[in-house]
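Colleague: Could you take a close look at one part of this model for me? I'd like to hear about one helix and what surrounds it, with enough of the rest to place it.

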Amino acid sequence: MFEIKSIKNNTWYFESFSNVGIYTPDGKNAVLIDSCDHPRMVKSLDRQLSEMGLTVSAVINTHCHVDHICGNRYFQEKYGCRLLSTEKEKPFIRYPDLESELYYAGVDIKKESSPFFLAEPSETEIIWENNLPDGIKIVPLPGHGFEMIGVITADNVFFLADSVLSKKTWDQYRLPFFHDVNSTIETLEKIKTVKADIYVPSHDAPTDSIEDLAQYNIDRLKEKKELVLSLCEGRNVDSIYTEYVKKENIKLRASQYPMFAVMIKNLLQSLVEDGKIHAEYDNYRLVYELK
Ligand SMILES: [Zn+2]
């Protein structure tokens with residue numbers, strides 16, 4: 001843990017809570033895929049890069065979540081490197097507190113406890129067709145983030161960002177976060193068809209076969225949708241939330257409430273898109289009904 005490890009030829013990764021991809025075409029310059037999950041990990045990664053004689057030439061952010069962008073400012077200040085992201089992720093990397101505002105607004109929890117404040121603001125270039133570093137291809141992976149991408153290096157190593165979560169993550173968080181549940185399922189189906197030599201999820205070990213884990217994620221998400229469907233008739237969001245955590249026997253801290261509540265709403269939205277439920281304003285409450 002917390003070490004740079006070889007994957008294949010010029011492609012390496014820093015094994016951490018959120019893995020960082022490293023692609024070095026010439027043994028001197030390194031393109032990082034994401035920039036670490038915590039400020040203290042950033043320094044450990046940088047020290048090991050220096051020991052390998054590597055200079056950071058670019059950081060590609062797969063998405064804006066704090067555990068993927070913590071080293072942006074540090075690496076740019078130290079190496080003058082490029083920072084790249086997709087257009088919709090850019091404002092949240094520039095202003096990390098925006099995302100905190102999105103989930104914590106109006107909730108009586110100190111916003112300062114939000115992990116999003118760990119990342120310092122940084123300015124990224126928007127990725128377009130012709131401005132990627134040599135040897136790097138991107139793959140859109142909609143669902144988990146606003147406009148998340150994966151990265152495939154010239155060694156055919158596929159960095160999957162948070163599209164495919166580990167079994168451990170599912171066990172630990174019970175209901176991990178996705179902005180758009182149905183897009184996440186479509187993305188997972190697509191990933192099953194992409195032929196890479198090695199796949200690297202952000203929160204799991206590299207593997208030469210991703211199909212089973214992608215299917216595991218699809219099955220878990222479909223189960224969560226079914227559970228919400230069974231609980232929503234005539235209920236509003238707060239009541240569905242309460243029944244959900246009771247049924248799943250989930251113990252949440254107050255600070256975890258906002259994100260979890262958003263995820264319940266996102267599951268409801270996926271069922272609306274499926275045509276299985278609809279929302280109605282009834283007797284001063286927004287309630288969900290089966291169709
Ligand atoms: Zn994420």
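**A close look at helix 4**

Modeller: Before the helix, one thing about the fold at large: of the contacts between residues at least 6 apart in sequence, 63% join residues at least 24 apart. Bear in mind that this is a predicted model.

The protein has nine helices and 13 strands. Its radius of gyration is 20 Å, close to the 19 Å that the globule rule gives for 291 residues, so the protein is as compact as a globular protein of that length. The C-alpha trace spans about 65 × 40 × 35 Å along its principal axes, and 41% of the 291 residues count as buried.

Now for the helix. Helix 4 covers residues 96-104, and its buried residues are Pro96, Glu99, Ser100 and Tyr104. These four take up an arc of only 115 degrees around the axis, which puts them on the same side of helix 4. And what do the buried residues of helix 4 pack against? Their partners are helix 3 (90-94) and helix 9 (257-273).

That second partner brings in the domains. The domain assignment gives domain 1 as 4-223 and domain 2 as 231-290. Their C-alpha centres lie 29 Å apart, and the contact takes 13 residues from domain 1 and 14 residues from domain 2. On the side of domain 1 that touches domain 2, helix 4 supplies at least two residues, and so does helix 6 (181-191).

Helix 3 also leads us back along the chain, to helix 2 and a sheet. That sheet is open, with seven strands in the order 1-2-3-4-5-6-7 and mixed pairing. Strand 1 (4-8) and strand 7 (125-126) stand at its edges with a single partner strand each, so one side of each is left without a neighbour in the sheet. For strand 7, the pairing with strand 6 (residues 82-85) is parallel and runs over two bridges; one detail there is that Leu84 has Glu125 in strand 7 as its bridge partner. Packed on this sheet is helix 2 (residues 72-79), which touches strand 5 (55-60) and strand 6 and whose direction makes about 145 degrees with that of strand 5.

Helix 2 has buried residues too, namely Asn72, Tyr74, Phe75 and Gln76. Helix 3 turns up again here: the cover over these residues includes helix 1 (39-51), strand 5, strand 6 and helix 3. So you meet helix 3 against the buried residues of helix 4 and again among the elements covering those of helix 2. After helix 2 comes Gly80, with a positive phi near 60 degrees.

There's another sheet worth a glance while you have the model open. It is an open one of four strands, in the order 8-9-10-11, again with mixed pairing. Strand 8 (136-140) and strand 11 (198-201) are the edge strands, each pairing on one side only. On average, neighbouring strands in this sheet are turned by 20 degrees against each other, direction ignored. Strand 10 (residues 157-161) and strand 11 run parallel and are joined by four bridges, with Val157 bridging to Ile198 in strand 11.

To come back to your helix: look at helix 4 from its buried side, with Pro96, Glu99, Ser100 and Tyr104, and you'll have helix 3 and helix 9 as the packing partners.

How values were computed. Residues numbered from 1 in each chain as written. Predicted model: local features only at pLDDT ≥ 70, side-chain atom pairs only at ≥ 80, totals over all residues. Buried ≥ 20, exposed ≤ 12 C-beta atoms within 10 Å, placed from the backbone. Arc of directions from axis to C-beta. Contact = placed C-beta atoms within 7 Å. Pairing = 2+ DSSP bridges. Axes fitted to C-alpha atoms, helices over the stretch in contact; angles between N-to-C directions. Rg over C-alpha atoms; globule rule 2.2 N^0.38 Å. Domains from an automatic or database assignment.
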